[in-house]
Structure formats: structure tokens, C-alpha cells
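Q: I am new to this structure and would like a close look at a single part of it, chosen from one of its loops. Please go through that part step by step, and then show me how it connects to its surroundings and to the whole chain.

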Amino acid sequence: MGKKYIIVTGGCGFIGSNFIRLLVKERPDWSILNLDALTYAGNLDNLRGVQGHPGYRFVRGDIANEAFVRQLFSSLEAPVDYVVNFAAESHVDRSILGPKAFIETNVNGVFNLLECVRAQGKGRFLQVSTDEVFGSLGDEGAFSETTPIDPSSPYSASKAAADLLVNAWSHTFKVDTIITRCSNNYGSYQFPEKLIPLMIINARQRKPLPVYGTGQNVRDWIHVSDHCLGILAALERGVSGQVYCFGGQAERTNLFITELIAQTVAGTTDLITFVNDRPGHDWRYAMDITKVRAELGWTPLMPFEDGIRATVAWYLENEDWWKPILSGDYLAYYDKWYGQLAPTTKGGSL
Ligand code: NAD
Ligand code: TYD
């Protein structure tokens, strides 16, 4: 494949850190610049073991800061071959509490990166997007690359806005771009505000397991290792200007997942507490992966049952990773968000 120079933004987050770990293993001669603002979700501990790798370098900075991003690109010893943008505000519930940071990072940050790649006159920009830009499905059907975007939450609207910018920079300025849209990830190093790690950690601490609404909403779960392999395949073999959709082929209701975790970790489902629904809660996500199977030869390798078992085991064995996170900032968010979601007796509506 040859030696490449890559900027990975958001490399201290959940998926970005898993992706950098994959690069170090599979592309050991690449030069990797990890650009991350270290927000509440960014954690240098996610990259333990990688810091000493000869081709790896970390720069702390904000992609929404135009002057900083420009200066960083102009200070590079050579133009980069790839920019893979994971940096984002990524949690739907936080986007309901405070949407502004989502616009700044997810929209303005992408604009800044696109402009820098355009100014380089070379290099491929890969935007890590989400199936949430498509909005919500009913009980039937699946999203694919041809589904119109129709986002519902401030988070998904900001990601959709970024995707539109990426397409415009491809179309108008001929910047070499790829967009990947993936379903819900799970695995090690996921911040415990998201469903799976939150339920594991709460169950471990014998705290209530807050299920929104009826718990019948469906997500299509993919192990983070499969998503990272898909991003690498799209980066190296994708056709410029194209969108590639990845999904785990593992649709599960939130209640199924929560009961599984409750039983595995606490040996009981008594901790499950139905609470008021998330406003604007998308009902169901599912992905048709025909295109990536055919064009990238990609398929999800990790069966859900194996992946969830390994993930539960990882969180139980790595309290030293998550215990420090459950401090001031996290508790303030937790109390603010869950404090307003009153328990419901019937597992139901508002
Ligand atoms: P995360 O919240 O765990 O990590 C985000 C990272 O970005 C953190 O390290 C944070 O410090 C960094 N960051 C945030 N704002 C920044 C800024 N302004 N400048 C520089 N760095 C900044 O997120 P994640 O779950 O790893 O998601 C990564 C990407 O994948 C996001 O773009 C998200 O939209 C997308 N995605 C996530 C999922 C999922 O299930 N988690 C699914 C599909 C797509
Ligand atoms: P989440 O992990 O936040 O991902 P997303 O909203 O991006 O799909 O949530 C996954 C599903 O789990 C979603 O339908 C909302 C639900 N959920 C709960 O029921 N309780 C919770 O405490 C959380 C965080 C999520």
C-alpha cells in the first residue's frame, strides 16, 4: 500500500482511538497525526500503548478554530495524503441539552478541514458520518446510500449539514472526498453516556438502568472493529465523491440489550427503570450493506453475541479506565439529563 501521511481528528474518542490502534497494527509505516481537542469525550488513556509508536504524534486543538487549523496545516512538513474526521460532538441527548457546540464542531469544524484540504491541492478527506442523517425508519425497510437525508435531532442535523458541505466541496472544488455512514457502534473505550457502556456500568454499580419510552426502539449494532475496517477500506479503495454505508446486521431493541446486560452483569432485571422518552426519539435504524459488500468486499465479522460478551468483559476488567470518568463533569450531566426524565410505571409515554 505504501507509506502514507494521515491526520486523524478526534483520535482520542471512542471510534477514533480504535481506528488509530488499527492503523498502528495494519499500517505500521504510516505517519499518524492525531488532532483532538480533548473535550469531555476525549481521553488520552484511550490510546495507552500507542503513544510510543514511532509514526504517531498527538496535537491538541479544536477543529472549529479556523486560525488554528489553518496554521497547523501550513506548518506540516508535507501535505497529508488523508484526513479522516472523527472529531465531533456525538451524543444525541447532549445535543438536546445544548446544541451550540454541535454546530461549532460538527459543521464549522468540517468546513475548516475541507478548506485546508482544498488549499493543499491534494489529499483525500473522509468524513465519518452516521446513519442518523437519514432520520427514522418504521418497522420495515433499511437505509442505503440512495436514501434521502432527513435528520431529526440537533446532532443528526449537524452531521447532515456537514455531509452536504462535503458533497459541495467534492462537486464544486473537486476535493477528493468520501463519506461513510455507519450504524450504532459498541465496543471498548466507548464513553459511558451511550446505551451499552452506560447500562454495563450502572448494572455493575447496582444503579437504575434507565430505558427510554417503551424500550422497543431498534438500533442496528456494529462492533467498532468492523466499522474501523470499513473506514480503512473506503479510505484506500473508495471512489472519490461516493457515500458508503456500514451496518452490523444486528438489529436489537433497547430493552433486549438492557435485559441482556442486566442479567449478565447483575444477575437480575430488577434494576431496569422505564423513564420518559427522549424528545424526537428516532424509532428504528437499519442499514442495507449491499454496496459495501460488492464494492469494498467488506462485511461485518463480529457476531453481536460475541461482541457484546467481549465488551461487557472489557468494562468489568477495566474499572481503572471508567472510574475516573464518573466524576464531576459526568455526574453533572447525568443528574441534569436523567433528573428531568421521570420514571414511568407502564414503560411508556410522556
Ligand atoms: P466520541 O464522542 O467518543 O469522540 C469524539 C472525539 O472528538 C473526542 O476525542 C473529542 O475530544 C473530539 N472532539 C470533539 N470536538 C472536537 C473539536 N472541536 N476539535 C477536535 N476534537 C474534537 O465520538 P465517537 O463515538 O468516537 O464518534 C466518532 C465519530 O463517528 C463522530 O463523528 C460520530 O458522529 C461518528 N459516528 C459515531 C457512531 C457511534 O455509534 N458512536 C456511529 C456512526 C458515526
Ligand atoms: P445512544 O447510545 O445514545 O445512541 P443513539 O441515540 O445515537 O442511537 O442510544 C441508543 C438507544 O438507546 C436509543 O434508542 C436511546 C436509548 N437509550 C436509553 O433507552 N436509555 C439511555 O440511558 C440511553 C443513553 C439511550
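**A loop residue and its surroundings**

A: Gln 249 is partly exposed, because its relative accessible area is 46%, a value that falls between the limit of under 20% for buried and that of over 50% for exposed. The model in which this residue is seen is a predicted one, and everything below should be read with that in mind. Gln 249 belongs to the loop that runs between strand S11 (243–246) and strand S12 (251–253). Its backbone deserves attention too, since phi of Gln 249 is near 55°, a positive value although the residue is something other than glycine.

The strand that leads into this loop is a covered one. On one side of S11 lie Val 243 and Cys 245, on the other Tyr 244 and Phe 246, and with all of them buried, both faces of the strand are covered. S11 is also joined to a neighbour, for S6 and S11 pair in the parallel sense over four bridges. One contact point in that pairing can be named: Cys 182 has Phe 246 of S11 as its bridge partner.

Following the pairing leads to strand S6, which spans residues 176–182 and is mostly covered, with six of its seven residues buried. S6 has a further partner in strand S5 (residues 124–130), and these two strands pair in the parallel sense over seven bridges. Within that pairing, Gln 127 has its bridge partner in S6 at Ile 179.

Another loop offers a second case of positive phi. Arg 206 is not a glycine, yet its phi is positive at about 55°, and the residue sits in the loop between helix H6 (195–204) and strand S8 (209–212). Arg 206 is partly exposed, because its relative accessible area is 49%. The positive phi of about 55° at Arg 206 comes just after H6, so that the helix itself is worth describing. Because eight of the 10 residues of H6 are buried, this helix is largely enclosed by the rest of the structure. The buried residues are Ile 196, Pro 197, Leu 198, Met 199, Ile 200, Ile 201, Asn 202 and Ala 203. Their cover includes strands S7 (185–186) and S8, together with helices H8 (254–266), H10 (304–317), H11 (319–322) and H12 (328–339).

Two further loops can be set beside these. Asp 81 lies in the loop between helix H2 (66–74) and strand S4 (82–85). Leaving aside residues up to four places away in sequence, Asp 81 touches Lys 3, Lys 4, Tyr 5, Lys 122, Gly 123 and Arg 124. Asp 81 and Gln 120 are 39 residues apart along the chain, and their C-alpha atoms are separated by 9.9 Å. Pro 54, for its part, is placed in the loop between strand S2 (31–36) and strand S3 (56–60). Pro 54 is exposed, because its relative accessible area is 76%, over the 50% that this word requires. The C-alpha atom of Pro 54 is 8.7 Å from that of Asp 29, a residue 25 places away along the chain.

Strand S2, on one side of the loop that holds Pro 54, is mostly covered, as five of its six residues are buried. S2 pairs in the parallel sense with strand S1 (residues 5–9) over five bridges, and in this pairing Tyr 5 stands opposite Ser 31 of S2. Tyr 5 is also one of the residues touched by Asp 81.

It remains to place these parts in the whole. The protein chain has 12 helices and 13 strands. Its radius of gyration is 20 Å, close to the 20 Å that the globule rule gives for 350 residues, so the chain is as compact as a globular protein of that length. The C-alpha trace spans about 60 × 40 × 35 Å along its principal axes. Of the 350 residues, 57% are buried, and among contacts with a separation of 6 or more, 83% join residues 24 or more positions apart. The exposed area of the chain is about 14200 Å², with carbon and sulfur atoms supplying 54% of it. As for charge, there are 32 positive and 38 negative side chains, and the centres of these two sets lie 4 Å apart.

Technical notes: Residues numbered from 1 in each chain as written. Chains lettered and ligands numbered in written order. Predicted model: local features only at pLDDT ≥ 70, side-chain atom pairs only at ≥ 80, totals over all residues. Heavy atoms only, no water. Rg over C-alpha atoms; globule rule 2.2 N^0.38 Å. Buried < 20%, exposed > 50% of the residue type's maximum accessible area, 1.4 Å probe, protein only. Contact = heavy atoms within 4.5 Å. Areas by Shrake-Rupley, 256 points an atom, 1.4 Å probe, with all protein chains shown as cover. Lys, Arg positive; Asp, Glu negative; His and termini not counted. Charge placed at Lys NZ, Arg CZ, Asp CG, Glu CD. Pairing = 2+ DSSP bridges.
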